[in-house]
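Thanks for coming. I will go through aromatic contacts and cysteines, in that order.

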Amino acid sequence: MMPDSLVVGEEAVSRDKKTLDALNSDHPVWIIDPIDGTYNFAHGRSNWGLFISLSYKGIIVFGVLYDILNQRFIFAKKGEGTHLKDENNKVSRITLKAPDKPLAEYCGHVGGAQAWHFKKLNPFCGKISNIRCSVHDFWSLLTGQIDFTFHTSTAPWDHSAPAIAVMEAGGFIAAG
């Protein structure tokens, strides 16, 4: 379908860091994490999934969060919004809005470190947890189960698909 496209994935980058150079090319680049939440997958837990995104000239134009066990997808295309396709193949649009509650009641997920590393945030918000899976962190955010997610580091395979999904749904995402 896209014979000139390139592929960047976590495993390929761990073998050769120069694989990341593909992200700066003029070719379409598929960014893939075939098993996000590897720890959960290896230990028989249900919070794992797959990320696929497509970058063109350095811009993410398409992204998919796939909850494999439940056969559900969240997908976003630049300029066309974010949608959920559930296990019954029903498609619905996702729209994010700021929670209508005090900040002290916000609940969220953190990634890259255990929840106790973020204990300084506890006086300012509600429950913070780490489910060890970016797919389900962002799934929970996009479906309104949590109010925020915070990750201590970013990687193209873990954050490209959720970035376009959050932005196309009207949410805010930043790296810094």
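**Aromatic rings and cysteines**

Phe73 is partly exposed, at a relative accessible area of 29%; buried means under 20%, exposed over 50%, and partly exposed in between, with a 1.4 Å probe and protein chains only. Before going further: this is a predicted model, where local features need pLDDT of at least 70, side-chain atom pairs count only at pLDDT 80 or more, and totals for chains, interfaces and linings use all residues. Residues are numbered from 1 along each chain as its sequence is written, and side-chain values use heavy atoms, with hydrogens and water left out.

Rings of Phe, Tyr and Trp (the six-membered ring for Trp) pair if their centres lie within 6.5 Å; planes under 30 degrees apart are stacked, over 60 edge-to-face, and the rest tilted. There are three aromatic pairs by that rule. One of them is Phe41 with Trp48, edge-to-face, with 4.7 Å between centres and 75° between planes. Trp48 is buried at 10% relative accessibility, while Phe41 is partly exposed at 40%. Phe73 pairs with Tyr66, and that pair is stacked, at 4.3 Å centre to centre and 0° between the planes. Tyr66 is buried, at 16%.

Now the cysteines. How many disulfides are there? Zero, taking a disulfide as a pair of cysteine sulfur atoms within 2.5 Å. Why is Cys125 not bonded to Cys107? Because the sulfur of Cys125 is 7.5 Å from that of Cys107, its closest cysteine sulfur, which is too far for a bond. Cys125 is buried at 11% relative accessible area, and Cys107 is partly exposed at 26%.
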